[in-house]
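Let's take a walk through this structure together. Keep the 3D view open as you read.

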Amino acid sequence: MTLLAQAVPPGAVDIARARGTHDAQGGLYLESWIYQGLDALGLEFPFEEWVLIAVTLLVVCGLVFGFINLFALFAVWLERKVSAHMQCRLGPMEVGPHGLLQTLADGIKLTVKEDIIPRVADKPLFILAPIIVFTGILIRFVPLPFGQGLVASDLDLGLFFVAAVGSVEVIGVIMAGWASNNKWSLFGTIRTATQMVSYEIPIGIAFVAVIVCAGSFSLMEIVNVQQGWFWHWLVFRNPFLLILSLIYLIASLAECKRAPFDLPEAESELVSGFHTEYAGMRFALFFLAEYAAMYLVSAVAVVLFFGGWWTGIPAIDDIGLAADDSALTVMVGFLVKAGVFVTKAVFLVFIQMWVRWTLPRVRLDQMMHICWKVLLPISLVCLVGSTLWELMTGGGAFFGIPALFGFR
Amino acid sequence: MTVGQYFSDIIRVARSIAIGMGITLRYFIHWKKNTITIQYPRERDLIPPRHRGIHYLETEKCVMCWKCSDICPVDCIYIEGTRGADGVLKGGYRGQKATLSKFTIDYTVCIFCGLCEEPCPPKCIFLGPEFDYNATDRTMMEKNLLTDEVFTEEDDRFVEWARGENDRLVAEKKKAADEEKAKAAAAKAAGVAPAAKPAAAAPAAKPPEASS
């Protein structure tokens, strides 16, 4: 306790009191809300400072976790509907309107199922693996915004953090496959390691190109660079970034183990790969992690290339941004931006599903071919090209075409 | 692999992916038109008129000749009663020529071959359109055709409903076929009429559509 109290910088309360409930970008400070509420009532916060920090962290973590759960509920339903309609079926129709609550029923079923651990499995690793996989995804949500000013923590090296912590998931997956003591799980594990390590490279190069153009690692800053008409989105900044955005979308499919790169859990070859032996809640954690990863890579793509929370039309974007706007207008603008951001991300998730139910699974050597012989050289060329373009044109938006006609 | 091949491969792959995704998107958008699923208990497909399902017995006609039970390849029909007797057995049913006390079919055994229909002299046993028959107990799979006591009232209501639904589907199909015919006839009539007015075919085909 003492150690934690020392770790909190002195004067955190004063900072929280002084900086107000939200910043210029409309970002909310939870702990400041608590303090200002107490001040308004004429009360003192009855505990030490670290209690407040801990409570705030817990609340933020709970909010993100709740969002992931809600999203997974919706996305699983959407996936089943998308696949069904593409195959002339109806999909779930019984629970709730058009089967909307089917996932909830399935989730309840999973929670009450028997927790099976194979006798020959490596028990501690087996128990730890789903936790590590899920935590590896959850941590990546820390610098990820959900709307303007709506972020758990705006890290200065946010993009770097997302890329670096992404590798934690691989460890969990390898652990799961190894601990299961099952040859199919082990095959899935080896494939996962190969795939995720390989595909991190094109993703990293796409990140670097974006950082060069945006001039910042912070996800919030990268979004702010793209304010204005939609041609200020980084995807339209130059032709190389357009190609890099496609490369990122392809590589992110492999990164979250979705078809056509779902070799780690290929149903027709490996039963279900690294989570073959898992049942009940542990399986549910893997499942949740997969859908959280889908949202995460889509949201990162929205931040990097597709303008984040900006709609691309300044008249809508400027709602609630002026200094003299009323609290209601600020709130409306805040909600609109959060809605726009999540909608864009969900649309990219839909594209992932669309790809999954269209394309067959690639072979392992084809997958390696795509990564090392196609995506990597092209992304390197695009990185160089995008940097040179940036140097020569000074960052003209939409290939510099609107600037020719005098548009901002 | 030459450089040209490398890039043409990429373009070829991108093109084929685009075609495939176009097809799935088309199916996704027009899902209402394309769906072939029938939501079974609530919707039903057309049952053909000669469908062999659960048996029905017209008790008044039955002469208790045992022919159905004799021909049954799996011996699933059990009949008890007296033939030509005037007295009514306890719990029995008085038919025209016989007094039946039991006419039971064991549906755990029956293979729905329909052979029992054929030798029946008064044609009083036949296989109906109902096929969904279930029970919580093996003994309950023996259906007593005299009293129908295995079917609950709810089952009976359902059977009534299913028959109505089937009739409706048959009528719909017939109507559609008639409309097709009418349309074809109208088109033919328009073709025979002076060729100067090809537009006449459209109004001629309208009335049957409007009546539906």
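What follows goes through the chains one at a time, then turns to the place where they touch.

Before anything else, keep in mind that this is a predicted model. Start with chain A, which is built with 16 helices and zero strands. Of its 408 residues, 49% are buried. Chain A also brings together parts that lie far apart in sequence: among its contacts with a separation of 6 or more, 76% join residues 24 or more positions apart.

So what sits inside? As a rule, nonpolar side chains in soluble globular proteins tend to be buried together. Here the largest nonpolar core holds 93 residues, and A:F141, A:Y248, A:Y295 and A:L304 have the most contacts inside it. The biggest contributor to this core is helix α12 of chain A, residues 280-304, which gives 16 residues. Try clicking on A:Y295 to see some of this for yourself. Setting aside neighbours within four places in sequence, A:Y295 is in contact with A:F67, A:F71, A:F141, A:L144 and A:F146, and also with A:F341, A:V342, A:A345 and A:V349.

There is a second, separate core as well, with 24 residues, including B:I54, B:L57, B:C68 and B:C76.

While you're still in chain A, have a look at A:R237. You'll find A:R237 in the loop between α9 (219-225) and α10 (239-255) of chain A. Is this arginine, A:R237, buried or exposed? A:R237 counts as buried, because its relative accessibility is 12%, under the 20% cut-off. Its side chain reaches the backbone oxygen of A:C213 at 3.3 Å. A:R237 also has a distant partner in sequence to compare: A:S386 is 149 residues away along the chain, yet the two C-alpha atoms are separated by 9.0 Å.

Now over to chain B, which mixes things up with five helices and six strands. Reading from the N terminus, the order is α-α-β-α-β-β-β-β-β-α-α. Of the 212 residues in chain B, 27% count as buried. For contacts in chain B with a separation of 6 or more, residues 24 or more positions apart account for 65%.

Two loop residues in chain B deserve a quick stop. B:W66 sits in the loop between β1 (55-57) and α3 (67-71), and its phi is near 70°, a positive value in a residue other than glycine. B:W66 counts as partly exposed, because its relative accessibility is 32%. The other is B:K123, in the loop between β4 (98-106) and β5 (125-127) of chain B; here phi is near 55°, again positive in a residue other than glycine.

Finally, how do the chains meet? The contact takes 19 residues from chain A and 16 from chain B. Together the two chains bury about 1,700 Å², with 74% of that on carbon and sulfur atoms. On the chain A side, A:H85, A:C88 and A:L90 supply 34% of the area buried against chain B, more than any other three residues. Which kinds of polar link cross over? The interface has zero salt bridges by the rule used, but six residue pairs are in polar contact.

The elements of chain A that give two or more residues to this side are α4 (49-86), α14 (327-356) and α15 (364-393). The largest share, four residues, comes from α15(A). By class, the chain A side has 13 nonpolar, three polar and three charged residues.

Key
Residues numbered from 1 in each chain as written. Chains lettered and ligands numbered in written order. Predicted model: local features only at pLDDT ≥ 70, side-chain atom pairs only at ≥ 80, totals over all residues. Heavy atoms only, no water. Contact = heavy atoms within 4.5 Å. Buried area = accessible area lost by both parts, 1.4 Å probe. Salt bridge = Lys/Arg side-chain N within 4 Å of Asp/Glu carboxyl O. Polar contact = N/O pair within 3.5 Å; in protein donor to acceptor, adjacent residues only side chain to side chain. Nonpolar A, V, L, I, M, F, W, Y, C, P; charged D, E, K, R; others polar. Buried < 20%, exposed > 50% of the residue type's maximum accessible area, 1.4 Å probe, protein only. Core = buried A, V, L, I, M, F, W, Y, C linked by side-chain atoms within 4.5 Å.
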